Amino acid sequence: MNSDLFMDTNKIINVKNLIKKFGDFIAVDDISFSVDKGEIFAFLGPNGAGKSTTIKMLTTLLTSNSGDIKINGHNPAIEPDLVRRMFGIVFQDTSLDDELTAWENMEFHGVLYDVPKKLRRERIESLMQFVELWDRKDSLVKEFSGGMKRRLEIARGLLHHPKIIFLDEPTLGLDPQTRNHMWEYLKDLNKKEGTTIFFTTHYMEEADRIADKIAIIDHGKIIASGTSAELKKDTKTESLEDAFLSLTGNVIREESATSVDHMRTNRRMWRK
Amino acid sequence: MKIYILWLRQIKRYLRSKSRILGSLAQPLLFLLAMGYGFGSVFQKAGQGNYINFLAPGIIGMSIIFTSVFTGIEIIWDRQFGFLKEMMVAPMSRLNIMIGRTMGGATVATMQGIIVLMLSMLFGFHPYSFIGVLLTIPVMFLVALLFTALGTMIASLLDDMQGFQLIMNFLIMPLFFLSGALFPLEGLPKVMSIITKLDPLSYGVDAFRYLLINSSHYDIGLDIAVLSIITGFFLLLGGYFFKKIQI
């Protein structure tokens, strides 16, 4: 192991030989990668490849079986609260409280992250202005469309000025207008504040257009990484989509429905 | 402050769901009226006095156990709708999340208990003294804390709401029916008497009766001691299980 590389202060995320097993199933199989400070990093892979599991380990929601993670020099398993302050996250599914207003969701987040009151109120207003939800601040989140919820979640994820923002399929189900608006803002934030962006997506043209660096994971292993141009060159393909398919094959992956999916089906039955 | 905001969230959610407040009042009221008036004369003839007076503290216990177990189990919904993730990635200990939520849930259940108390007074319940009514409130909170923690434990063991009916029928209903909420604990068959002694709600209902109608089966000191110990134990267990919740 190259220990000098591991100590590199320029690396905000540094993962070494990370392994996660669920029973006999190896979800993440000995992966190593790093993300530079201020980089826009795309983490791609078919369904069930291990993307979400990796993000959960990076964001303190899961512990690994072995391997080493450093987030800005700190291990999420050892110093979870310190690491939690450093990142913001937008999950694949909504994680807002439907029964609270947009503003209350922001306020809740600000309090949990110890943002002082005055600063918190200022930031909430400016972020909500930016995502164009300020005039809806007192509406309950359950009245919002999918796009509005996503915008609110991004605003919320940035409220504590994280050094890294994790976005797990942030543009899923968004129309092109919202998608572009969102990326414009994130790129701007990346340029101005140097916020590192770590995202997953199934839209290859999005990764191609936005990411500085890409890693492709399949069956729990990182099978390729580099810039989009490098990936295309290595696979002798014209587009990132073709490069992705040539690396991961054409077999359609199946994910079993989780209990949460079952519950969503039954959701109506239980409401009220 | 963080615990306070978690607490506040539960209160806001409760006050906003009018249908839930109304819905969870219907059942205790039905019990109070149907049984209270239905068995009233039989109870009187058996020389036990006013049945509504006897029953009301039990019905308060009923509304508290149902509401608090339910608010505890609501963690499953937080998980389902994703909000649990927002809490879990926040820089705050799992134990404090559990404490904030449990406090909030217990406060909601206490408010529900107070509403049932006031309603039952409307329907002919006469508490013994005003001081007793005031002292009942912290005891309600203690009972609510106990069962919210129990609900949290159940929630962390269940994957989804499918198991909810099972819990209702095999745990909550028996806890309620075997607590002496509906009948006096004196002169029960041996087995029944032992079972009621093992039911934590028995001690809650008994404490309510002591404070509200100045009659009790156990000793009030014993009631509070048993409730406190079990609550402490359940909070620890609830905290332990809460840490195990996988998202």
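This is a chat about a predicted model with chains A and B.

User: Before we start, how are residues, chains and ligands numbered or lettered here?
Analyst: Residues are numbered from 1 along each chain as its sequence is written, while chains are lettered from A and ligands numbered from 1 in the order in which they are written. The model is predicted, and local features need pLDDT of at least 70, side-chain atom pairs count only at pLDDT 80 or more, and totals for chains, interfaces and linings use all residues.

User: Cool. What's the strand order in the open sheet of chain A?
Analyst: It goes S5-S6-S7-S3-S8-S9, six strands with mixed pairing. Strands here are DSSP runs of E with at least two residues, helices are runs of H or I with at least four, and both are numbered from the N terminus. Two strands pair if DSSP finds at least two bridges between them.

User: Which strands stand at the edges?
Analyst: S5 and S9 (221–226) of chain A; each has a single partner strand, so one side of each has no neighbour in the sheet. The twist averages 15° from one strand to the next. For angles, axes are lines fitted to C-alpha atoms (for helices, over the stretch in contact), and values run from 0 to 180 degrees between N-to-C directions.

User: And S6(A), which strands is it joined to?
Analyst: Strand S5 (residues 87–90) of chain A is joined to S6(A) by four bridges, running parallel. On top of that, five bridges join S6(A) to strand S7 (residues 196–200) of chain A, also parallel. A:Ile165 is the bridge partner of A:Gly88, and A:Ile197 in S7(A) is the bridge partner of A:Ile165.

User: Is S6(A) buried or exposed?
Analyst: Mostly covered: five of its five residues, 164–168, are buried. Buried means 20 or more other C-beta atoms within 10 Å of the residue's own, exposed means 12 or fewer, and partly exposed is in between, with C-beta atoms placed from the backbone. Both faces are covered, with A:Ile164, A:Phe166 and A:Asp168 on one side and A:Ile165 and A:Leu167 on the other.

User: What handedness does the β-α-β unit with S6(A) and S7(A) have?
Analyst: Right-handed, with helix H7 (residues 176–193) of chain A as its helix. That means that, with the strands pointing away from the viewer, the path from the first strand over the helix to the second runs clockwise.

User: Which helix lies across S5 and S6 of chain A?
Analyst: That's helix H6 (residues 146–158) of chain A, running at about 170° to S5(A).

User: How do S8(A) and S9(A) run, parallel or antiparallel?
Analyst: Antiparallel, with five bridges joining strand S8 (residues 213–218) of chain A to S9(A). A:Ala215 stands opposite A:Ser225 in S9(A).

User: What about A:Ile217, buried or exposed?
Analyst: A:Ile217 is in strand S8 of chain A, and it counts as buried because it has 25 C-beta neighbours inside 10 Å. Leaving out residues up to four places away in sequence, A:Ile217 touches A:Ile31, A:Phe43, A:Gly45, A:Ala49, A:Gly50, A:Lys51 and A:Ile222. A contact means that the C-beta atoms, placed from the backbone, lie within 7 Å.

User: A:Lys51 is in H2(A), right? How many residues of that helix are buried?
Analyst: Yes, A:Lys51 is in H2(A) and is buried. Helix H2 (residues 51–58) of chain A has eight of its eight residues buried. Just after H2(A), A:Thr60 takes a positive phi of about 70°.

User: Where's the hairpin in chain A?
Analyst: S1(A) and S2(A) form a hairpin with two residues between them, and A:Gly23 in the turn has a positive phi of about 65°. Strand S1 (residues 11–22) and strand S2 (residues 25–36) of chain A pair antiparallel over nine bridges.

User: Switching to chain B: how many helices and strands?
Analyst: Twelve helices and zero strands. Buried residues make up 47% of the 247 residues in chain B, and its C-alpha trace spans about 60 × 40 × 35 Å along its principal axes.

User: How many residues of chain B are in contact with chain A?
Analyst: 24 residues of chain B are in contact with 28 residues of chain A. H1(B) gives the most to that side of chain B, with six residues.

How values were computed. Two residues are in contact if their C-beta atoms, placed from the backbone, lie within 7 Å.
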